[in-house]
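Visitor: Could you walk me through this model, one question at a time?
Guide: Gladly; here it is.

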Amino acid sequence: MSETTDKKKPPLNGRRALPSNNSNDEENEVPEVEAFGLIPRGFNPKDYLRVVDIHMFKDINEQQHHTDKYYNPKLIVRRGQPFQIQVDFNRPYNPETDQFWLEYLIGRYPQQNKGTYIPILVRDVLKPGEWGAKITHKENNSIRLSIMSSATCIVGKFRLYVAVLTPFGILRTHRNSATDTYILFNPWCQQDAVYLDDEKEREEYVLNDVGIIFHGNINDIKLRSWSYGQFEENVLDACLFLMDKAELELSGRGNPIKICRVASAVINSRDDNGVIAGSWDNAYTNGVPPSAWTGSVDILLEYYSSKKPVRYGQCWVFAGVFNTFLRCLGIPARLITNYSSAHDNNANLQLDFFLDDEGKVDTTTTKDSVWNYHCWNEAWMTRPDLPVGFGGWQVVDGTPQETSDGMYRCGPASVQAIKHGHVCFQFDAPFVYAEVNSDIVYLRRAKNGTQVIENIDTSHVGQLIVTKEVGRDGMMEITEEYKFQEGSQEERLALETAVMYGIKKQTTQDASYQPQTDVDMEFQVQKAVLGSDFKVTITFRNKSRNTYTATTYLSGNIVFYTGVTKNEFKKHTFSAKLEPYSSSAFDVVIKSSEYLSDLLDQASFHFFVTARINETGKILATQKATVLEIPALRIKTQGAMVAGKEMSVTVEFTNPLKQTLENVTLRLEGPGVLRTMKKEFRQIPMNSTLIWEVKCIPNRPGLRKLIASLNCDALRHVYGELNVQIQKP
């Protein structure tokens with residue numbers, strides 16, 4: 001630390017003697033000689049026991065602590081588990097006459113009672129989960145120590161000093177950054193709040209540095225790979241910096257609940273200039289479109305160096321970066337996708353869709369929306385702040401949707417509490433409960449100004465909640481961890497519990513609401529590739545002996561994946577004759593020329609079909625999102641794939657559109673194989689194929705993944721991936 005900064009006195013604060021200690025980066029000056037009084041003239045520090053060198057045994061410690069994948073020159077260990085170091089003195093150590101101890105310090109104002117100054121005396125035995133050191137081996141001038149850290153200690157980067165007691169004062173080693181030690185959460189340690197007992201799950205949720213993000217929609221699930229890259233160079237420092245940025249007191253950094261809460265705010269740039277600026281308007285000037293990112297590393301490192309929000313992200317980008325942060329610090333984490341996710345603006349468990357006289361949704365009065373999908377994270381931890389039974393997976397969400405205690409953040413909220421309707425428990429459980437449980441209510445304003453309920457859909461929202469399988473790239477459904485079977489006794493009970501705990505639920509047992517029960521209507525959208533025509537088939541089933549006519553209106557909208565409409569590109573009204581006891585199907589053709597010019601990022605459509613049964617005046621309403629098939633990138637490799645040897649990777653793409661693609665950006669990355677590479681292409685004519693070849697030198701053996709994305713204004717969300725087995729040299 002430079003002289004000038006240390007001389008500046010911190011501003012006085014009448015409430016505390018010391019300023020807040022919320023930066024892992026700042027240091028204090030530690031005296032190398034701390035005299036007990038006047039030092040006699042003949043005193044020579046060299047006459048006493050003196051430390052000549054300290055060996056950190058990085059390789060063996062990190063293998064035992066599951067930290068050997070971190071690309072970092074310093075020792076990284078996990079808390080609550082012993083690690084070894086060796087201290088070389090200038091002469092043999094004599095326990096009868098010599099006394100020394102270790103000191104671990106963090107931050108600028110180390111204090112013992114805050115856990116930021118930790119003196120460790122040498123003892124005969126180590127107590128599990130408590131700070132201590134014992135000598136395991138003595139040879140010549142060296143001793144080997146086994147050091148145990150506390151299972152609740154602060155997570156961060158500590159400075160190490162060795163102090164020797166002399167009659168006249170304490171002699172310390174000088175500041176040596178090579179002995180700095182990172183201490184992380186330890187899911188392998190039973191006393192740690194993040195302890196996870198299944199080794200396969202620990203390998204997935206802590207050590208896997210690539211993952212799968214599920215997107216698309218409920219009828220057409222799509223997946224893409226994401227590089228978390230939590231072990232890459234400088235990523236750990238960037239993650240520690242996020243806690244400094246959030247001004248989390250160092251003394252609170254042993255608590256995963258606090259870390260998750262502040263991180264969910266600092267991941268987004270709203271109200272604190274956090275990591276990622278969100279943009280949902282399809283205009284990504286001066287930034288990278290959310291769909292172009294292939295992983296978290298570029299985003300975190302850019303933020304760490306520029307200290308300015310990185311543009312741009314949407315929900316899966318916030319969740320991908322949050323997952324990297326959690327796994328990097330050692331908190332088990334997974335990325336979740338909720339299909340048909342409710343964004344309920346007033347948390348009343350119902351999304352109000354207002355229909356106009358034609359039966360079409362009125363976008364000016366409808367404020368709630370259903371996202372095709374929404375990604376958040378789950379982090380694994382105990383919840384000593386809640387009653388027993390609410391530990392385990394906790395929802396945390398870095399996407400800015402609504403404020404919580406005045407900031408855009410969400411969680412941690414216990415998944416178990418959400419399932420059982422116990423939404424009184426902190427943090428933000430009512431909001432998450434609404435995301436997976438809201439009803440959709442179709443309302444029409446009658447001539448006299450009253451609102452008439454036309455239709456209620458209780459099963460559309462939160463139909464499917466998924467995450468990546470453990471140890472494989474498939475999809476694992478976890479809907480039943482969030483909610484009971486739709487319509488079951490338990491589900492009603494959980495809902496009543498949530499209402500009792502203050503979730504506003506408007507009564508839908510409205511006397512005026514009597515739906516048409518003897519006619520069913522549904523529709524199917526044909527699967528289609530971007531750029532082709534497809535059809536929508538509407539089917540009526542008349543279960544009565546009456547003949548009905550239904551005036552049917554189909555509205556096709558181009559939407560953001562958040563369910564917000566950009567524009568209506570298709571209107572089609574027809575009259576359907578419904579014979580008694582029979583089904584009838586009607587096709588509506590959607591031409592590519594009708595939608596291509598307005599298409600957004602994710603090629604998402606949303607169809608509303610409303611039908612008025614003319615004989616009864618009752619309305620049937622249903623809605624469905626659909627996504628076009630987007631062509632994929634092809635990745636190939638050539639030559640031997642050996643760590644430390646050059647190999648060649650080729651990315652290919654064929655333009656499927658009836659137009660030339662302009663200003664195309666390709667990105668390619670693979671943790672342990674190559675750092676992110678980018679290339680720009682001016683044009684790709686229709687039907688022509690682009691080929692990009694790169695050379696790289698993989699640095700880590702094992703099964704790795706290459707991930708590529710292609711991006712231009714006319715086409716986004718184009719991905720490709722390839723698993724590669726890198727051999728040992």
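**A guided tour in questions**

Guide: Just after helix 7, Gly330 has a positive phi of about 100°; helices (H or I, at least four residues) and strands (E, at least two) are DSSP runs numbered from the N terminus. This is a predicted model, where local features need pLDDT of at least 70, side-chain atom pairs count only at pLDDT 80 or more, and totals for chains, interfaces and linings use all residues. Residues are numbered from 1 along each chain as its sequence is written, and side-chain values use heavy atoms, with hydrogens and water left out.

Visitor: How many helices and strands are there in the chain?
Guide: Along its principal axes, the C-alpha trace spans about 115 × 60 × 45 Å. Within the chain there are twelve helices and 40 strands.

Visitor: What percentage of the residues in the chain is buried?
Guide: Buried means under 20% relative accessible area, exposed means over 50%, and partly exposed lies in between (1.4 Å probe, protein chains only). The chain has 729 residues, and the buried share is 56%.

Visitor: Among contacts between residues at least 6 apart in sequence, what percentage joins residues at least 24 apart?
Guide: A contact here means heavy atoms within 4.5 Å. With contacts in the chain counted between residues at least 6 apart, the share joining residues at least 24 apart is 68%.

Visitor: How far apart are the end C-alpha atoms of helix 7?
Guide: The expected span of a helix is 1.5 Å times one less than its number of residues. Helix 7 (residues 315–329) has 15 residues, so a span of 21 Å is expected. The model agrees, with its end C-alpha atoms apart by 21 Å.

Visitor: How many of the 15 residues of helix 7 are buried?
Guide: Helix 7 is largely enclosed by the rest of the structure. That follows because its buried residues number 15 of the 15.

Visitor: Which residues does the UniProt annotation "active site" cover?
Guide: The annotation comes from an unreviewed UniProt entry; positions are in the numbering used here, feature names are shortened, and annotations may be inferred rather than shown by experiment. The record covers Cys315, His374 and Asp397. Although spread over 83 residues of sequence, they cluster in space, with a largest C-alpha distance of 9.9 Å. Once more, the residues are Cys315, His374 and Asp397.

Visitor: Is His374 buried or exposed?
Guide: His374 is in strand 18 (residues 369–381). Not counting residues up to four places away in sequence, His374 touches residues including Cys315, Asp397 and Glu435. Its relative accessibility is 0%, so His374 counts as buried.

Visitor: Which cysteine has the sulfur nearest to that of Cys315?
Guide: A disulfide is taken as a pair of cysteine sulfur atoms within 2.5 Å, and a search of the whole structure finds zero of them. Cys315 is in no disulfide, as the nearest cysteine sulfur is 4.1 Å away. Cys315 itself lies in helix 7 and is buried, with a relative accessible area of 0%. The nearest sulfur belongs to Cys375.

Visitor: Why is the sulfur of Cys424 not in a bond with the closest cysteine sulfur?
Guide: Cys424 is partly exposed at 39% relative accessibility. The closest cysteine sulfur, in Cys410, is too far for a bond, because the distance is 16 Å.

Visitor: Where does UniProt place the feature "binding site"?
Guide: The unreviewed entry lists Asn437, Asp439, Glu486 and Glu491. They span 55 residues in sequence, yet no two of their C-alpha atoms are more than 13.4 Å apart, so they gather at one spot. The lining of the largest cavity includes these residues; a cavity is a set of points, on a 1 Å grid over the protein atoms alone, where a 1.4 Å probe fits but cannot get out, and lining residues have an atom within 4 Å of a point. The places are Asn437, Asp439, Glu486 and Glu491.

Visitor: Which residues is Asn437 in contact with, leaving aside its neighbours within four places in sequence?
Guide: Asn437 is in helix 9 (residues 429–437) and is buried, with a relative accessible area of 14%. Beyond those neighbours, its contacts are Val461 and Lys483.

Visitor: Which residue does a cis peptide bond join to Gln426?
Guide: Omega of this bond is about 5°. The partner is found in the loop between helix 8 (415–420) and helix 9. The residue joined to Gln426 is Phe427.

Definitions and conventions
On a 1 Å grid over the protein atoms alone, a cavity is a set of points where a 1.4 Å probe fits but cannot get out, and a pocket is an open set with protein on both sides within 12 Å along at least five of seven lines; lining residues have an atom within 4 Å of a point.
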